[in-house]
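Here are some notes for a colleague who is opening this entry for the first time. Please read them with the sequence and the model side by side.

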Amino acid sequence: MFDPVIAPSGTLLGLLQRGRGDGTLHALAAPRAEALAALNHCVLTDPRHDWQVENRSLYYARLYLDLAGELAAIEAHLFGAEDHLDTEENRTGLALAVLGHLASYGRQDALLLLRRYAATGTNWAWALDELALRDDDTGLRSLALPVLARFPAGPEGDAELATAVRDAFEPRPWRLWAEDQRDAVGARVRAAQERGSFDRWQRQMRPSGPRPGWSVQAVLDWAQEGLERGAVLHGPAARCLTAVAGPEDRPLIVEAARSGPDGARCAALHYLAESRDPAVLDLIEGAAGSGSRTVAEAAVAAFERMCGEAAVDRARGWVHRPDALGAAAGAVLACRGGAQDELLVLGALRETVRAEGPDATALYALVDGAGRLGIGCAAPVLRHVYRETASSQLRGRTARALAATDPTFPTGFAVECLWDCEETTREVAALHAETGDVRVAERLRRLAADPAEEAEVQTAVRNRIGPDLQV
């Protein structure tokens, strides 16, 4: 899948793609046709860089409701010829999730589309999961025959059915169908359930995978053999070393971390970092500058996991390095540094934004650190990240940092955050938004009464609602 093309943050489309609260506010003020066109573009062309962790479906569903939007564009997207050509679930997942939320708000047209897609669409399992949460028993029972028809009778079809039943995210439809009196439905689903349970039991009783011999050298050899066949075993091998290594094995492990083959070297570095060996920081510095990318990455990862004052102190010396170890040092100071490290964290934050832009992975820890340390002079760069990042996860973390560093946050970004796509961001806004703004009071009332809203958000909202803001 190609990375989505994100429009500039100052445009309606760019705001909606990012899931910003201002996207909803601008869409409601824009001409309805223009707003619906931008909304449909977002739903049909998923704008998320990581669709498995970023939320958009409830955000877009609420906007469809506010705009009284028709679903013809979603229908054409789901039932077009491309549905049979591109079977990746991320092509239709967002649209199906939006329909699920609309169905929960009482949109019958969305419910009917989900039923139809569950019966005929490629990504039927996702649609069935949405229906499992929203449809009644009669509607779900009507789908038994079309869904089971996807699995032709016979050993191969029965095996595929057992896998589908076993891996279903929502079991409610299958449980209903198992109660069906027809052999073609109830008996077949019950047999699939039994087979899935047996397969799970077999996997638990007979775990697969290689096992190293129980000696330090054997574990190091196992890690090296794994790397040679393309399996990254640094972490498991380090845990094995923890189980088998004694004080007498330290010279062997230190030597492996200094000059061993790549797989063994990576495992040894991880083990020494976990055990806070006094030599490990020097070994990590040497490995980070080695010619092997695998070893350098493992050394940086091992350092990032280290705790203790020795690692923090070394990070103060490494934070100015222009490489991955320098970036890791900035993250360590952001997560575990003290007040004396404020300028170092601020410098790392500014340099990362300047060099890598507002979507850099390294910003997550640095933004958190700016908030944790309460670095007031970080507010301007945090506001820039908030506006420009395409990641709603990073924007939410930035909002938390702004709440701790920017005195204008309650009357500024906190207001729009009440409409944000991420529930954690809405929670921050509910805790901090200035209730003197009439928009804030009305939005808090709506969130408190919305059955689709997350419990944590509603708790934060109700803690803010006083005698002057009764629901």
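Which hand, left or right, does the crossing of H21 and H22 have? The points below take up that matter and then turn to other parts of the chain.

1. The crossing of H21 and H22 is left-handed, and the contact is made by Ala 311, Val 312, Ala 315, Arg 316 and Trp 318 on the H21 side, with Leu 325, Gly 326, Ala 329, Val 332, Leu 333 and Arg 336 on the H22 side. The axes of these two helices, H21 covering residues 309-318 and H22 covering residues 324-336, come within 8 Å and cross at roughly 130°. Because angles from 115 to 145 degrees fall into neither the perpendicular nor the antiparallel class, H21 and H22 are described as oblique to each other.

2. For orientation, please keep in mind that this is a predicted model. The protein chain has 30 helices and 0 strands, and its C-alpha atoms fill a box of roughly 70 × 65 × 40 Å when taken along the principal axes. Of the 471 residues in the protein chain, 50% are buried. Among contacts in the protein chain with a separation of 6 or more, 64% come from residues 24 or more positions apart.

3. Helix H15, residues 216-228, can be checked for its length: at 1.5 Å a residue its 13 residues should span 18 Å, and the end C-alpha atoms are 19 Å apart, which agrees. The buried residues in H15 are Val 216, Val 219, Leu 220, Trp 222, Ala 223, Gln 224 and Gly 226, and they pack against helix H16 (234-244), helix H17 (250-259) and H18. An α-helix has 3.6 residues a turn, so residues three or four places apart point the same way. After H15 comes Gly 230, whose phi is positive, near 95°.

4. One of the partners of H15 deserves a closer look, since the axes of H15 and H18 come within 7 Å and cross at roughly 125°. The contact is made by Leu 220, Ala 223, Gln 224 and Leu 227 of H15, together with Asp 262, Gly 263, Ala 264, Ala 267 and Ala 268 of H18. H15 and H18 are therefore oblique to each other, and their crossing is right-handed.

5. Is Asp 83 buried or exposed? With a relative accessibility of 3%, Asp 83 counts as buried, because the cut-off for that class is under 20%. Asp 83 is found in helix H6, which covers residues 82-85, and its side chain is joined to that of Tyr 117 by a polar contact of 2.7 Å. Leaving aside residues up to four places away in sequence, Asp 83 touches Leu 78, Arg 91, Thr 92, Tyr 117, Gly 121 and Thr 122.

6. Two loop residues should be looked at for their backbone angles. Ala 68, in the loop between helix H4 (57-67) and helix H5 (72-79), has a positive phi of about 50° although it is not a glycine. Arg 276 has a positive phi of about 55° and is likewise not a glycine; Arg 276 is found in the loop between helix H18 (262-274) and helix H19 (280-288). At 52% relative accessibility, Arg 276 counts as exposed, because that class begins over 50%.

Technical notes
Residues numbered from 1 in each chain as written. Predicted model: local features only at pLDDT ≥ 70, side-chain atom pairs only at ≥ 80, totals over all residues. Heavy atoms only, no water. Helix = DSSP H or I, 4+ residues; strand = E, 2+ residues; numbered from the N terminus. Buried < 20%, exposed > 50% of the residue type's maximum accessible area, 1.4 Å probe, protein only. Polar contact = N/O pair within 3.5 Å; in protein donor to acceptor, adjacent residues only side chain to side chain. Contact = heavy atoms within 4.5 Å. Expected span 1.5 Å × (residues − 1). Axes fitted to C-alpha atoms, helices over the stretch in contact; angles between N-to-C directions. Parallel < 35°, antiparallel > 145°, perpendicular 65-115°, else oblique. Left-handed = near helix turned anticlockwise from the far one by under 90°.
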